[in-house]
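Biologist: I am new to this structure and would love a close look at its aromatic rings. Could you walk me through them?

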Amino acid sequence: MEPDFDVIVVGGGIAGCITAQLLAAQGHSVVVIERGDNAGAKNLSGGICYSRILAQVFPDYLAEAPYERQIVRNVFGLVGKERATFAEVFDPSLAQPVNAISVLRAPFDAWLAEQAEAAGAFMMPGVRVDELLMESGRVIGVRAGEDELRAQVVVAADGINSFLARAAGLRSTPSLNHLAVGVKAVIGLDSQVIADRFHLEGREGAAFALVGDVTAGVGGGAFLYTNRQSLSFGVVLRLDDLTASGKESAAIFDHALSHKALAPLLRDGEIIEYGCHLTGEGGIHLLDKIHFDGLVVVGDAAGLTINTGLTIRGMDFAIGSAIAAAEGIHTALTAGDTSAVGLSHYRRAFEASYLYADLKTYAKAPAFLEQATDMYDRYPELVGDVFHRIYAIDGDPRTRLLASARAAFKDSAIKFRQLLRDGLSAVRSL
Amino acid sequence: MKPLSVSDRLAKNVFVTDEDDPHITIDNTVADKTRLYLAVAACPAKVYTISADGSVCADSAACLECGTCLAVCPPGNGLTWHYPRGGFGVSFREG
């Protein structure tokens, strides 16, 4: 049977839309099948997009794309029960050129879909793909309800749950320590209030990465990102630790939202949307195989994310894998070989990118974030206590910095060997 | 700021409920409900509730479609979960 299209892309997220756009622009017939009423309707991120790579696809994205703010203030916070220690890095050169943008995925992905459409891709929204069509071990198309569509190559851009590749037995299900649930609210706030509160000029933005009592001791962290007229605030909870804790994810989100260290940042805000999203925490350990006979897997579906504790990246990997996939698919279609061998240029192109190098660099980060359990409770308390001893001129004679730190450490329940081990492990993995 | 209850937060979202074909079903006859109970706590939308007799119910209309429940309660443990049919379910305006 003749294929209906050269390429079927399943999923209108960042990876799917960009793969479709690049292939359509090269003259291939492409359809994007999206289960939402429009691209973006089912998509949710924290979300900071490390966007330098986006300029490779859209050189004028800053003038054209509906992004929120350009991140020039990065704040890292160790949040204890009573005290919080923040390190703020103000670096306007991060906007020259722009390095990271905050985005809201509903408008952002809708724009990406428009670009794919303008390049000649056919958008098919409101359709859920149920399974891959296989013929003697090869993917030949997709089934959606009663309908079957065939193509030379199927692109599984169906997100972190990656149902298509898993159901076909092509990719395995990640273990709970390599998955986290992000729980997020978009909090409406006047743009002038945001500018004043976070010390921002014009389109500048701030990004907070927080660990400690914000997740009630569960492995993970909290984030706060400024948008133009709202804040994106949420927690990310590693599923192995969340389930072991017996705590409710919604209750932890409430706990973070009402934390006294953060309340002044969120004051007068009004929740305008509540959402959640599963995210990969395994880094390179989730990568696995990404090309098969007649199929490639991109973005979240390919497990492509990195969490270093300070930067949480997924959207740049979606863009980078889309660029590599489009290159690989174009090569395969041109050569007339869309088998796994023919599509292997995708893997080579991805492995040649800085993204793959970063996955290798941070290969030990997931294990570190899993094992350094004191980071989610005792370390933030310890650091807070050290500074308390410095700032509290309470009538007792002061001690020098080192003595204060030693005393704070003695009062904490942290074992010296553990601190040493975590410190060494952090240096080696982050 | 007002944190709102989970149901008040969900009321801010846009949902189209599929009355004919709910995308979540629970089989309360499974011998061991441990993993079903994990899904109850892990779900950020509080889709799942435990009744007095220990059985679990699901309100699929409130689902945010993240897949966390299925990750902690994989097939064979009493939960059937897939994405809603095309055009149904949550529709993010912000994301």
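Which residues do ring pairs link into a cluster with A:Phe86?

Modeller: Happy to help! Please keep in mind that this is a predicted model. Ring pairs join A:Phe86 with A:Phe198 and A:Phe208 in a cluster. To set the scene, the whole structure holds 13 aromatic pairs over all chains. Take A:Phe86 and A:Phe208: their ring centres are 6.5 Å apart and their planes meet at 80°, so this pair is edge-to-face, the term for planes over 60 degrees apart. A:Phe86 belongs to strand 5 (residues 84-90) of chain A, while A:Phe208 belongs to strand 12 (residues 204-212) of chain A, so the pair ties together parts that lie 122 residues apart in sequence. With a relative accessible area of 36%, A:Phe86 is partly exposed, whereas A:Phe208 counts as buried at 8% relative accessibility.

Now turn to another pair, A:Phe387 and A:Tyr391, whose centres are 6.4 Å apart and whose planes are at 20°, so these rings are stacked, as planes under 30 degrees apart are. Both residues sit in helix 14 (residues 378-391) of chain A, 4 residues apart, which puts about one helical turn between them. Here A:Phe387 is partly exposed at 35% relative accessible area, and A:Tyr391 counts as exposed at 65%.

Rings also meet charges in this model. The charged end of A:Arg203 sits over the ring of A:Tyr67, 4.1 Å from the ring centre. Between chains, B:Arg9 places its charged end over the ring of A:Tyr274, 4.8 Å from the centre of that ring.

Terms used: Residues numbered from 1 in each chain as written. Chains lettered and ligands numbered in written order. Predicted model: local features only at pLDDT ≥ 70, side-chain atom pairs only at ≥ 80, totals over all residues. Heavy atoms only, no water. Phe/Tyr/Trp six-rings, centres within 6.5 Å; stacked < 30°, edge-to-face > 60°. Helix = DSSP H or I, 4+ residues; strand = E, 2+ residues; numbered from the N terminus. Buried < 20%, exposed > 50% of the residue type's maximum accessible area, 1.4 Å probe, protein only. Lys NZ or Arg CZ within 6 Å of the ring centre and 35° of its normal.
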